[in-house]
Amino acid sequence: MELGRRHNVEKEPLDLDSLVGATRELVEDELDRNAIQLVTDLPDPSPQFLANGQQLIQVLTNLLRNAAQAEEVQRVRLSARQENDWLTLWVEDDGAGITRANQSKVFDPFFTTKPVGKGSGLGLSMVHRIINDHGGTVGVFDSDMGGAGFEVGLPLSQTDSIEGGNAT
């Protein structure tokens, strides 16, 4: 129940490049160990927005680590676009993907397809809660790279959120 409840978030001014750089440092060893190439496609200039940096680093770290641990992944792409007051990020991989049956369950607490002892099933439910707390959206899709894709939408300002009708 705690995961489904909306929490107040202490936000600070951030820029996307710094956020991605900090995340890259945290996952770089795991990507290198698995011979996975991380490709980024970010807007220039870097979007500025209000968010909790530690929480968004956790979101991106969870998504990138999941991709690194998925079967057959060799490339992961992290891309972003800013449209008006909304920032959309995509994390996609070229692995085996997520079955249609499992796509509807990936954000459920304790759901995992990893072997026993390899995952708690809480990573994506935490991603969902953090993005919800920021007034954003998160979803899963089949990537054109062949594997799984996750789309995260975030308001760039304090007042914009899905309740405000700015979700795309």
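**Reading the predicted chain: questions and answers**

Modeller: The accessible surface of this chain comes to about 9100 Å², and carbon and sulfur atoms hold 46% of that surface. The model is predicted.

Biologist: How much confidence does the predictor place in the chain?

Modeller: The average pLDDT is 86, and 84% of the residues score at least 70. Residues 160-168 stay under 50, and the model has 17 contacts beyond four places in sequence for them. Where pLDDT is low, the coordinates should not be read in detail.

Biologist: What is the order of the elements?

Modeller: From the N terminus they run β-α-β-β-α-β-β-α-α-β-β, which comprises four helices and seven strands. Of the contacts with a separation of 6 or more, 71% are between residues 24 or more positions apart. Buried residues make up 42% of the 168 in the chain.

Biologist: What makes the peptide bond between D44 and P45 cis?

Modeller: Its omega is about 10°. P45 lies in the loop between β2 (37-41) and β3 (48-51).

Biologist: Which value of phi does A35 have, and where is A35 found?

Modeller: Phi of A35 is about 55°, a positive value although A35 is not a glycine. A35 is in the loop between α1 (16-33) and β2.

Biologist: Why is A35 called exposed?

Modeller: Exposed means over 50% relative accessible area. A35 has 62% relative accessibility, so it counts as exposed.

Biologist: What about N84, in the loop between β4 (75-83) and β5 (86-93)?

Modeller: N84 also is a residue other than glycine with a positive phi, near 55°. Its relative accessibility is 66%, and therefore N84 counts as exposed.

Biologist: How do you know that R65 and E30 form a salt bridge?

Modeller: The cut-off is 4 Å between a side-chain nitrogen of Lys or Arg and a carboxyl oxygen of Asp or Glu. The closest N and O atoms of R65 and E30 are 3.1 Å apart, so the pair meets the definition. R65 lies in helix α2 (residues 53-69) and E30 in helix α1, so the bridge ties together parts 35 residues apart in sequence.

Biologist: Why is E30 called buried and R65 partly exposed?

Modeller: Buried means under 20%, and partly exposed lies between that and the 50% limit. E30 has a relative accessible area of 12%, so it is buried. R65 has 32%, so it is partly exposed.

Biologist: What makes E92 and R77 a salt bridge?

Modeller: Their N to O distance is 3.2 Å, and the limit is 4 Å. E92 lies in strand β5 and R77 in strand β4, so the pair ties together parts 15 residues apart in sequence. E92 is buried because its relative accessible area is 7%.

Biologist: Where do the partners of the salt bridge between D142 and R100 lie?

Modeller: The side chains of D142 and R100 meet at 2.9 Å, N to O. D142 is in strand β6 (residues 137-142) and R100 in helix α3 (residues 100-103), so this pair ties together parts 42 residues apart in sequence. R100 has a relative accessible area of 62% and is therefore exposed. D142, at 40%, is partly exposed.

Biologist: Which residues are joined into one network by salt bridges that share partners?

Modeller: The network joins R77, E92 and D144. A search of the whole structure finds six salt bridges.

Terms used:
Residues are numbered from 1 along each chain as its sequence is written. This is a predicted model: local features need pLDDT of at least 70, side-chain atom pairs count only at pLDDT 80 or more; totals for chains, interfaces and linings use all residues. Side-chain values use heavy atoms; hydrogens and water are left out. pLDDT is the predictor's confidence in each residue, from 0 to 100. Contact means heavy atoms within 4.5 Å. Helices (H or I, at least four residues) and strands (E, at least two) are DSSP runs, numbered from the N terminus. Buried means under 20% relative accessible area, exposed over 50%, partly exposed in between (1.4 Å probe, protein chains only). Accessible areas come from the Shrake-Rupley method with a 1.4 Å probe; for residues, only the protein chains shown count as cover.
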